[in-house]
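Please look over the sequence and the structure below. The report that follows goes through confidence, cores, a helix pair, loops and single residues.

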Amino acid sequence: MFQRECQSYYHRTKWLLIILMTGLLVLPACQSKEGSSSANAYPIQPVIFTSVKMQDDFWAPRIKTNHDVTIPFTMGKLFETGRVKNFEIAAGQKTGAFCTELTFDDTDVYKILEGACYSFQTFDDPVLEEKVDSLIELVGQAQEDDGYIFTNRTIMGANGHAWSGTERWEKVEDLSHELYNIGHLIEAAIAHYYATGKKTFLNIAIKAADRVCEDFGAGKMERYPGHQIIELALAKLYHVTGEQKYLDTGKFFLDVRGPNGDAYNQAHKKVVDQHEAVGHAVRATYMYAGMADIAALTKDKGYVSAIDDIWEDVVSKKIYVTGGIGATGHGEAFGDPYELPNMSAYCETCASIANVYWNYRLFLRHGDAKYYDVLERTLYNSFLSGVSLDGDGFFYPNPLESHGQHERSGWFTCACCPGNVARFVPSVPGYFYALQDDNIYVNLYGAGQATLDIDGTTVQLEQKTAYPWEGDINIHITPQQTQKFALRLRIPGWSENKPIPSDLYQFAENTEDSPKAYLNGDAIEVKKEKGYLVIDRNWKKGDEVRLSLPMPIRRLVAIDSVEADRGKVSIQRGPLVYCVEWPDNEGGRVLNLMLERDEPLSGGFEKDLLHGIYSISGKGKSVKRTSETALDVEETGLKLIPYYSWAHRGAGEMMVWIPEEAGSAKPLPAPTVASTSEISASLVTKSLMALNDQMEPANSGDRSIVYYHWWPKSDTTMWVQYDFEKASTVSSSQVYWYDDGPFGGCRIPAGWKLLYKSGSTWVPVNNTADYEIAKDEFCSVAFEPVKTTALRMEVTLPEKYSAGIMEWRVK
C-alpha cells in the first residue's frame, strides 16, 4: 500500500505529526515519494509540537485540562447523544433508525478521536488509547464494502436525512456533508497512525479515499464538496502514502468549484477569481487553508494571489478586535465590509481555529510577522473564549456584547466546536517556533523549552516569562556546539502602536514606549525584518537574549466605517482584549457604563480570580433614564477582565466596546409600568428581557440589541404577559415587531390583541383604535382605561413564518 519507507518510524512520526497538528504539508525530502515535488513545500518549516514543552501557568494547564477533562467529557457525549450508536447500527451490532439530527454527526466521533491521538503523544494514557482503538474497530465495521462510509445512508438507505438525497453524492454540493465526513475521517486516521504505528484506522481512511477518487474527477462526477475540508485531508494522505491521486483529487475539488454556485459555500466564482471573503466563515477559511497547502505543493500562483487578496479584505474590513470572524448568524457568515455588530457577532469557535490555520500557512509562505499578529489576537481572545476554564463548557458563537442571554454549553445539537477544541488545544505548542535553513523563528512567547535542529546541530531554547501577563521574556540558547544561525524574534504589532496590520483598529493614543532587546546583558538595537528582530551570530552555550515588550493599558478605536463601534473604545493589554462583565460592576449591570477618554486605568494580577488574571480598574460613569427621554449620569467604579474569561460566573451583561459618551450607552431603564413588570410567555427564553429593557431599535431587523422571537413556531397563537408591580390603570400600548427580512424566519405578525386580568379571568381590552401592524416603527393601540394587575398580548403568527418583539411599552 505504501510506495516507500525512507526512514525509521520515529522519523516519519516526527514529521507527519507536524502536518497533522497544523494541517501543514512540509516534509523533509526523504519523506516523500521518489520523484515527488512535495518536499519542503513551504519555505519555512514548522516545529513538531512534541519538541516544545510548555512550563507556564497559561498554556500548560489548558493543555492538561484538555487531556484530563475535555477529551473524556466530549468522548462521553458521543455515547450519550447517539453518535456512537449510529456506527453500531451501521455495523449491524444494533438495530434502529439513524438516531441523531445532522448528517455530519459522524465527524464528531472522528474529531474527538483525532484529539485523543494528539493528546496521548504528550500524556501517557493507555486507557485512552484502548478506548480509541475500540471506536476505530467500530468505524471499520460500519464502513461499506466498497469504502463508502456515511452512517445516515448506510442505516436509512434512500429514506435518510433530507440533506442526504436518495443516492450517494446526490447532494454533495449542498448539505449532505458526505465528503466533509470523509475529510475528518482521513485526518483522524493519519493522526492515529503516526501516534501509534497501527494501520487499522489508516486502512479505513485509504479505502474511503479510494472510493472518492474512483467516483470524482475530470470525466467522472464533476462536483465539489458543500463543506470544505477534504481538500486538506487528501493532501495529507498524499504525504503519508505518496499516492498522486489523492493530491490530484484534492486540487480537483478546488478547481471544479464555481462559478455558478452559491456564495454561502464560496462557489459563486472560481476559487482563483475570489478576492473577498464571503459566505460561511468556517467553510471559507478551511478552503483558504487548503488553497495555501495545495499551492505550496503544485506552485499554483493563482491560488496564492487569491488568498493574499482575501486576507487583506478580512484584516482591513471583516475581523473583530478579538480576532473573531463571521459577523452574522445568517449563514454563519462574513458580513459586508465593516459590518461588525457586537451583540449579534457570530465569531464561531471553529472559525477562530480555521483562522489560525490560514494565518499560519500565510506566515510559512511569506515569513511576515503580520500574520502572527492576527493569529495571536485570535488565539488569545476569540478562540479561548470558546472553551471554559474547566474544559467542559463551550461557546458556539463568541459575541462581543451580551445582555445575559449567553452561556457556555456542554454540548450542542450541531457539536462541531467541542470536537474542534479537543483536537486543536494539544497543537498550540507547535505554533511557537518555526525553522528556515539557519533561521529560528520565535513567534509566540510563553515559559517552556524547545529542542530544535539547525544543520544537524541540536539547539535548545528555554523561555522564562510570565507572558501574556508580563512582557519580559528571557530566552536561554544552548546549542550542542557553537553554531551560527539567526534568531528571529517576533515584535508584536501591539507593542509598536499597530494593533492589527490595517487601519481597521488603532490605538487611541500612541505610546512612546518601545520594545527593547538585550544580548548577554548588553542593549542591542531593535532593527526589524518583516516584523522580526534578527540576531545573526555564532551562538554558544550560556547565551541569553532578553526581550522587553511594553504592556501599558491601551484604548483602541475602530475606523469610523464600523458603525457599531462609533463613540466607543475597547481595552487591550499585551495580546489580551478586555471586557466589562456584570459580577465585577455595581448592580450587576455594565451596558449602562461609559468610560471617558482621559480617565486613567490601572491594573494588577489577581491569582484567585478566574484561575489567575490581570484585571483593570478605573472610574467610569453609569447612565440611567429618569424618563423615557431624559438621562442621568453618575460616577461609578469600573472593572475589566480578559475577554476570554467572561461567562464563568453565571449569565449576565458583558461588553467589549465601552461607550465614551452617554448617548452611546444603553441606559438603565426608567421605572415604568412595563420596566418594573415581571415577564412571562408561552415560550420562555432568556431574550424575554428585551420586552421591557427600553432599548429602542433602529429598525425591525436591528440585531445590535436583544429581541424576543417564537421561531421556529408558525401559524399559531402565542402570548407574552406583564404582571405589574402593583395594580395600575393603563389605556394604551406600543409594540415594535421583529422582522429579519427575506432571508430570515420571522415576519410581522398576522394579528395581535391585548387582554387584561380581571380576577382570574382574561378579558379583551375595548380598543378605541385599530391594532397597528407595520415594520420599522412602534405599532400602537389605544383602549378604554382599565385598572389591572396584568396585561397579556396574544400574537397570531403568520402561516409560514414566525414573529418576534423588540420592545413592548404600556401606558
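Is Ile182 buried or exposed? Ile182 has a relative accessible area of 1%, under the 20% cut-off, and therefore counts as buried. The residue is found in helix α7. Leaving aside residues up to four places away in sequence, Ile182 touches Ile149, Trp169, Ala208, Val212 and Ile230. Phe412 is 230 residues from Ile182 in sequence, and their C-alpha atoms are 21 Å apart in space.

**Confidence in the model**

This is a predicted model. The protein has a mean pLDDT of 93, and 95% of its residues reach 70 or more. Over residues 1-15, however, the pLDDT is below 50, although this stretch has 40 contacts in the model beyond near neighbours in sequence. For residues 25-39 the pLDDT also stays under 50, and the model has 49 contacts there beyond four places in sequence. Where pLDDT is low, the predicted coordinates should not be read in detail.

**The nonpolar cores**

In soluble globular proteins, nonpolar side chains tend to be buried together. In this model the largest nonpolar core has 228 residues, and the members that touch the most others are Phe201, Phe363, Ile440 and Leu461. The element that gives the most to this core is helix α11, residues 281-298, with 13 residues. A second core, separate from this one, has 30 residues, including Met718, Trp752, Met793 and Trp808.

Leu461 can be followed further. Residues up to four places away in sequence are not counted here, and among the residues that Leu461 touches are Tyr433, Ile440, Val442 and Gly448. Its contacts also include Gln449, Ala450, Leu452, Ile475, His476, Ile477 and Leu487.

**Helices α11 and α12**

Two packed helices are described by the angle between their axes and the distance between the axes. For α11 and helix α12 (residues 301-317), the axes come within 9 Å and cross at roughly 145°. This crossing of α11 and α12 is left-handed. On the α11 side, the contact is made by Tyr288, Met291, Ala292, Ile294 and Ala295. On the α12 side, Tyr303, Val304, Ala306, Ile307 and Ile310 take part. What classes of residue make up the contact of α11 with α12? The contact has ten nonpolar residues, no polar ones and no charged ones.

**Backbone features in loops**

Four places in loops have a backbone value to look at. Two are cis peptide bonds, and two are positive phi values in residues other than glycine; the table lists them.

| Place | Backbone feature | Value |
|---|---|---|
| Gly258 to Pro259 | cis peptide bond | omega near 10° |
| Tyr467 to Pro468 | cis peptide bond | omega near 10° |
| Gln266 | positive phi, not glycine | phi near 60° |
| Ala647 | positive phi, not glycine | phi near 65° |

Pro259 is placed in the loop between α10 (244-255) and α11. Gln266 is found in the loop between α10 and α11 as well. Pro468 belongs to the loop between β7 (457-465) and β8 (472-479), and Ala647 to the loop between β22 (631-642) and β23 (653-655).

How much relative accessible area does Gln266 have? The value is 0%, so Gln266 is buried. Ala647 has a relative accessibility of 17% and therefore counts as buried, since the cut-off is 20%.

**Two further residues**

Lys77 sits in helix α2, residues 59-80. Its relative accessibility is 17%, so Lys77 counts as buried. Apart from residues up to four places away in sequence, Lys77 touches Gly410 and Trp411.

Where is Thr166 placed? Thr166 is in the loop between α6 (151-156) and α7 (178-196). Thr166 counts as partly exposed because its relative accessibility is 47%, and this class lies between 20% and 50%. Its contacts, again without residues up to four places away in sequence, are with Arg153 and Ala158. Thr166 and Met156 are ten residues apart in sequence, and the distance from C-alpha to C-alpha is 9.6 Å.

Notes
Residues are numbered from 1 along each chain as its sequence is written. This is a predicted model: local features need pLDDT of at least 70, side-chain atom pairs count only at pLDDT 80 or more; totals for chains, interfaces and linings use all residues. Side-chain values use heavy atoms; hydrogens and water are left out. pLDDT is the predictor's confidence in each residue, from 0 to 100. Contact means heavy atoms within 4.5 Å. A nonpolar core is a set of buried Ala, Val, Leu, Ile, Met, Phe, Trp, Tyr and Cys residues joined through side-chain atoms within 4.5 Å. Buried means under 20% relative accessible area, exposed over 50%, partly exposed in between (1.4 Å probe, protein chains only). Helices (H or I, at least four residues) and strands (E, at least two) are DSSP runs, numbered from the N terminus. Axes are lines fitted to C-alpha atoms, for helices over the stretch in contact, and angles run from 0 to 180 degrees between N-to-C directions. A crossing is left-handed if the near helix is turned anticlockwise from the far one by less than a right angle, and right-handed if clockwise. Ala, Val, Leu, Ile, Met, Phe, Trp, Tyr, Cys and Pro count as nonpolar, Asp, Glu, Lys and Arg as charged, and the others, Gly among them, as polar.
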